[in-house]
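Here is a short briefing to keep beside you as you turn the structure around on screen. It starts with one pair of helices and then works outward to the core, the sheet and the whole chain.

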Amino acid sequence: MDAYKALIEQEEAKLALLKQKVKACEQRIAALRSLGEADDIDAAITSMVVGRASDSAPPAEASQVAPAETGEPKIIGLRKDSVAPKVLAFLASGERSLDEIVGELERVGLPRSRDALRTALMNWRKKQGWVTNPQPGRYGLSELGKRAVGVE
């Protein structure tokens, strides 16, 4: 009978761990729902869920970005409501802190949370190669990002 008691305790311990994992998943789902309107962060989250691109994959080709007549980059494949063109154009004037970028987006009527913007900036750095991160909390344009904005 003691062997059964030990097995029951093991199964109860497994169940407790699974309940913790379920709770963590529910919290992530709630956080995703709180993001509100769909934006370019949705694509990043979807790509993480569906399958990550290899970290060794090369950045986006230069043919995917072209300067637009407005001074903001026209980036092929981005949603119309994407903040990427505004952020890249803002970074064209030099390195900026995350707070400065958040403030600029609020000023132009495209507010984003710090966390969502930080995630987007890091995705643009790792996946597209547009952004640099020379210091924690500071962002600038890479050479590809400068070409996208039309700054050489």
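**Two helices that cross**

In this predicted model, helix H4 (residues 98–107) and helix H5 (residues 114–128) have axes that come within 10 Å and cross at roughly 110 degrees. Angles of 65 to 115 degrees count as roughly perpendicular, so H4 and H5 are roughly perpendicular to each other.

- On the H4 side, the residues that meet H5 are Leu98, Asp99, Ile101, Val102 and Leu105.
- On the H5 side, their counterparts are Arg114, Leu117, Arg118 and Leu121.
- By character, the residues of this contact between H4 and H5 divide into 6 nonpolar, no polar and 3 charged.

**The nonpolar core**

- Which residues have the most contacts inside the largest nonpolar core? They are Val87, Leu91, Ile101, Leu117, Leu121, Trp124 and Val131, in a core of 20 residues.
- Two or more residues of this core come from each of these elements: helix H3 (84–91), H4, H5, strand S5 (138–141) and helix H6 (143–149).
- The element that gives the most to this core is H3, with 5 residues.
- Val131 is a good residue to click on: leaving aside its neighbours within four places in sequence, Val131 is in contact with Leu88, Leu91, Leu121, Trp124, Arg125, Tyr139, Gly140 and Ser142.
- Among those partners of Val131, Leu91, Leu121 and Trp124 are also listed with the most contacts inside the core.

**The sheet**

- Next comes an open sheet of 3 strands in the order S3-S5-S4, with antiparallel pairing.
- S3 and S4 stand at the edges and each has a single partner strand, so one side of each is left without a neighbour in the sheet.
- H5 packs on this sheet, where it touches S4 and S5, and its direction makes about 110 degrees with that of S4.
- Strand S3 (residues 96–97) is paired with S5 in the antiparallel sense over 2 bridges, and Ser97 has Arg138 in S5 as its bridge partner.
- Strand S4 (residues 131–135) runs antiparallel to S5 and is joined to S5 by 3 bridges.
- Arg138 in S5 also stands opposite Gln135.
- How many residues lie between the strands in the hairpin of S4 and S5? There are 2, and in this hairpin Gly137 takes a positive phi near 85 degrees.
- As general background, strands of a sheet pair through backbone hydrogen bonds, either parallel or antiparallel.

**A buried serine in a loop**

- Ser82 is found in the loop between strand S2 (73–75) and H3.
- Is Ser82 buried or exposed? Buried means under 20% relative accessible area, so Ser82, at 7% relative accessibility, counts as buried.
- Ser82 and Leu110 are 28 residues apart along the chain, and their C-alpha atoms are separated by 9.2 Å.

**The whole chain**

- The protein contains 6 helices and 5 strands.
- Reading from the N terminus on, the elements run α-α-β-β-α-β-α-α-β-β-α.
- The protein has 152 residues, and 27% of them count as buried.
- Of the contacts between residues at least 6 apart in sequence, 49% join residues at least 24 apart.

Definitions and conventions: Residues are numbered from 1 along each chain as its sequence is written. This is a predicted model: local features need pLDDT of at least 70, side-chain atom pairs count only at pLDDT 80 or more; totals for chains, interfaces and linings use all residues. Side-chain values use heavy atoms; hydrogens and water are left out. Axes are lines fitted to C-alpha atoms, for helices over the stretch in contact, and angles run from 0 to 180 degrees between N-to-C directions. Helices (H or I, at least four residues) and strands (E, at least two) are DSSP runs, numbered from the N terminus. Angles under 35 degrees count as roughly parallel, over 145 as roughly antiparallel, 65 to 115 as roughly perpendicular and the rest as oblique. Contact means heavy atoms within 4.5 Å. Ala, Val, Leu, Ile, Met, Phe, Trp, Tyr, Cys and Pro count as nonpolar, Asp, Glu, Lys and Arg as charged, and the others, Gly among them, as polar. A nonpolar core is a set of buried Ala, Val, Leu, Ile, Met, Phe, Trp, Tyr and Cys residues joined through side-chain atoms within 4.5 Å. Buried means under 20% relative accessible area, exposed over 50%, partly exposed in between (1.4 Å probe, protein chains only). Two strands pair if DSSP finds at least two bridges between them.
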